[in-house]
Amino acid sequence: MNKILEVRNLSKIHGRGCPQCFDTTGPAQDTNICPHCGSVVAAHDVSFDLYAGEILGIMGESGSGKSTVVKTLFFDETPTAGEAVFFDGDAQYELFSLNAAQSRWLRNHRFGMVYQNPHLGLNFNVSAGGNIAERLLMSDIAHYGEIRSRAKALLARTEVLPERMDESPKRFSGGMQQRVQIAKALATRPPLLFLDEVTTGLDLSVQARILDLILEIQQELSTAMIVVTHDLGVIRLLAGRTLVMRYGRVIEAGLTDQILEDPQYAYTQRLVASAL
Amino acid sequence: MNPGYELPLDEAAYSFGFLDEYAKREVRRAILKAVSIPGYQTPYASREMPMGRGFGTGGLQLTLSLIGPGDTLKVIDQGSDDSVNAVNLRHFVELTCPGVDTAERTAEATLIQSRHRIPEAPLTEEQLLVLQVPYPDPLVVVEPSEGKRKIMHGEGDYSRLLTKLYEDIVQFDEITISHRYPTRINGHYVIDPSPIPRYDVPRLHQSRALILFGAGREKRIYAVPPYTVAEPLAFEDVPFRTEDFREEHGNRRACARCGAKDSFLDEIILDGGEKTYQCSDSDYCNQQLAMRSAAVEASA
Amino acid sequence: MEPILRVDGLSKHFQLHEQQKLIPSCINVSLEVYSGQLTALIGPTGAGKSSVLKCVYRTYLPSSGRILFFDAKGREIDLALASEHQMLELRSREIGFVTQFLHCLPRKSALDVVSEPLVARGAGRESAREKAAELLAMLNVPERLWGVPPATFSGGEKQRINLARGLIARPRLLLLDEPTASLDPATTDRVVEPIETIKAEGVAMLAIFHHPELVRRLADRVVELAPPVVATELLETCAH
């Protein structure tokens with residue numbers, strides 16, 4: 001197995017920060033707001049490895065910093081400290097020291113992101129097919145016929161009716177919007193995909209089909225994925241390994257079945273015990 | 001301006017015309033930068049002009065910064081030298097710039113200020129074309145934030161503009177942009193080439209004359225330097241097309257006045273509701289007419 | 001002969017923070033498993049038989065002791081300390097686990113559920129399906145069920161699907177947790193057959209059986225676990 005991503009000591013502070021920020025926040029202090037300067041420590045000292053083709057789950061309640069981790073890796077947010085190396089074949093990228101053009105290139109060609117809120121991932125002013133076209137155009141494909149046929153194939157793969165390809169996703173159901181987002185994220189066949197609460201807020205039956213789709217895609221393309229969720233069911237179904245986060249810190253990490261059946265920390269035990 | 005400051009005599013040309021030398025220096029600096037970075041929208045301190053913004057103040061500032069005694073100016077509006085705006089601008093230059101000639105013949109002009117058209121007659125290296133631009137940024141239709149647009153320009157990221165073209169083809173089977181067709185200059189910056197029709201866009205490519213664009217209200221100057229690559233955005237398999245003026249049988253329409261079949265035509269609806277077509281470039285039309293009557297005379 | 005798995009002084013207890021309790025599960029277990037042999041774990045309910053299997057598979061984190069596994073390349077790996085990626089790799093290539101309960105993807109046909117471990121290893125979907133069909137036929141799962149998700153199956157049918165899933169990838173070490181618990185005697189016989197076959201092929205097995213009869217028929221070694229120690233007793237011994 002090859003390592004595809006190595007994250008070390010990733011931290012993110014919202015606010016000006018002070019020297020006491022890290023000591024006065026965290027699970028032991030039961031807060032992520034620094035009492036000295038009022039800054040929010042969204043993530044601190046997060047480290048993990050991701051291997052090609054595996055699914056890593058990041059679990060925690062809202063405000064635990066789980067989304068912050070993927071957002072910094074996808075360049076949506078700038079980390080305060082830490083390192084992340086992306087291994088792409090023979091190439092290596094220090095994610096947090098790239099210039100804007102380089103990070104945009106990685107975002108467009110090698111990474112994919114599916115957001116909980118489709119408004120963040122989709123352009124509602126253009127059609128579903130246009131959304132996929134945009135991503136293909138970003139990666140320098142300039143043949144209309146090819147763009148069209150690839151968009152059609154991607155939407156078919158994610159079970160969006162081809163006759164709705166030229167409609168705006170505005171008119172789609174939540175589940176369909178997520179499918180379009182997934183198709184868009186996959187358009188360039190990225191080796192690394194981030195999924196941020198993709199099924200939250202959807203009907204159970206719709207959730208199930210989206211999760212099936214994600215698993216099928218993972219098997220077909222062996223895409224490495226980081227799945228952020230507060231839903232134990234999603235973690236159980238998708239992730240081989242899991243990080244549990246609280247107040248910006250990783251409090252427990254392990255194989256998913258071990259985390260769910262033999263959690264070590266009080267918080268995780270409570271979380272698992274409270275699952276429906 | 002420093003009232004005590006007098007220019008040396010040999011630099012008197014510098015304070016020529018309506019604009020003070022500081023204004024001209026600002027515009028000229030912006031021109032130099034614009035020419036050095038083809039297609040880049042150079043910001044500049046646009047001055048108040050004795051006319052409303054949106055009436056060509058950007059173009060006029062360029063013209064007044066460039067013109068000097070011995071120059072011949074032609075002003076075109078919608079292809080015509082006789083429209084109100086063109087006449088007024090020409091009159092203004094005649095009033096404020098002694099020693100400057102004005103002309104309607106394209107070939108006679110050293111400096112041409114235009115709106116909506118590039119002259120039909122090919123321009124030469126000795127000529128200079130100034131185009132008035134209402135909206136300089138082609139990205140404004142896809143991105144409202146100016147800050148983000150600047151980043152997109154800097155990174156050459158025009159995928160959303162191309163997506164717009166994609167949507168056009170999906171909806172209408174062709175790209176429907178008629179004016180202001182986004183055009184990539186020198187392989188990087190995409191410009192809004194002012195409201196010229198698609199028909200004129202190929203004239204930007206490898207132009208012999210320097211073409212300058214001025215947006216007075218938006219305070220931007222940009223350029224297509226001579227012999228520069230200008231490619232309209234398109235897809236590999238859906239190439240850029242210009243208006244072909246074919247009637248229903250596939251024949252090229254001719255100008256009803258001069259008979260030319262190689263010019264951009266305006267559609268004119270007559271009183272009876274009938275449509276007729278005429279050259280939009282009035283100087284070109286006159287030239288064709290003159291040539292034709294000369295030929296008729298010669299054969300008689 | 002060298003064992004493929006040697007468990008040495010393995011103990012597992014659960015620390016429940018909320019209830020402030022320490023629950024012992026298995027204490028000081030030692031055993032060996034050899035290629036082509038089956039080691040059976042016996043003992044009363046609650047002796048921690050399942051815990052031993054789960055510790056070997058790392059579904060439980062062992063509290064103390066060593067779990068030495070000798071992989072296909074002859075390396076010795078302590079499963080109690082192996083990295084997560086090492087464990088995932090071993091799970092996909094060398095160690096299989098058949099539990100009493102079927103944990104599988106819902107909404108997938110029985111055939112796909114069974115063939116999945118092969119597909120995950122990179123086998124073609126069609127050839128994996130053929131293999132799965134072979135196994136299901138051997139285990140006497142009616143063909144009309146093959147295309148149906150196993151969620152609706154009876155306990156016995158589910159168990160056979162589960163067993164087929166464990167057998168298909170031909171692991172070097174197979175952990176069996178009561179694979180015949182809810183089968184009738186006739187079906188039990190059908191299950192014994194493939195277990196004997198893979199044993200003959202050299203697969204090492206560590207198993208818990210519901211029926212003492214099966215232990216007699218299949219086991220080469222038997223390890224008896226001590227009855228559990230009452231929690232309070234253990235806490236007292238810890239305190240000393």
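A polar contact is a pair of N or O atoms within 3.5 Å, and within protein one of the two must be able to donate a hydrogen while the other must be able to accept it. In this predicted model, eight residue pairs, both members at pLDDT 80 or more, are in polar contact across the interface of chain B and chain A. On the side of chain B that touches chain A, the residues divide by class into six nonpolar, two polar and six charged.

The interface between the two chains draws 19 residues from chain A and 14 residues from chain B. Between chain B and chain A an area of about 1500 Å² is buried, and carbon and sulfur atoms give 60% of this area. Two salt bridges are counted between chain B and chain A. A salt bridge joins the side chain of Glu155(B) to that of Arg104(A), with a distance of 2.4 Å from N to O.

Within chain A, the domain assignment distinguishes domain 1, which covers 3–110 + 190–275, from domain 2, which covers 118–189. The C-alpha centres of domain 1 and domain 2 of chain A are 26 Å apart, and the contact between these domains takes 18 residues from domain 1 of chain A and 16 residues from domain 2 of chain A. About 1600 Å² is buried between domain 1 and domain 2 of chain A, with carbon and sulfur atoms giving 59% of that area. The residues of domain 1 of chain A that lose the most area to domain 2 of chain A are Asn108(A), Pro190(A) and Leu213(A), which together make up 33% of what the domain 1 side buries.

Polar interactions were also counted between the domains. Three salt bridges are found between domain 1 and domain 2 of chain A, while Arg157(A) and Glu220(A) form a salt bridge in which the closest N and O atoms are 2.7 Å apart. Between domain 1 and domain 2 of chain A there are also five residue pairs in polar contact, both residues being at pLDDT 80 or more.

On the side of domain 1 of chain A that touches domain 2 of chain A, helix H2 (100–109) and helix H7 (204–221) of chain A each supply at least two residues. H7(A) gives the most to this side of domain 1 of chain A, contributing nine residues. By class, the side of domain 1 of chain A that touches domain 2 of chain A consists of 11 nonpolar, two polar and five charged residues.

How values were computed. Residues numbered from 1 in each chain as written. Chains lettered and ligands numbered in written order. Predicted model: local features only at pLDDT ≥ 70, side-chain atom pairs only at ≥ 80, totals over all residues. Heavy atoms only, no water. Contact = heavy atoms within 4.5 Å. Buried area = accessible area lost by both parts, 1.4 Å probe. Salt bridge = Lys/Arg side-chain N within 4 Å of Asp/Glu carboxyl O. Polar contact = N/O pair within 3.5 Å; in protein donor to acceptor, adjacent residues only side chain to side chain. Nonpolar A, V, L, I, M, F, W, Y, C, P; charged D, E, K, R; others polar. Domains from an automatic or database assignment. Helix = DSSP H or I, 4+ residues; strand = E, 2+ residues; numbered from the N terminus.
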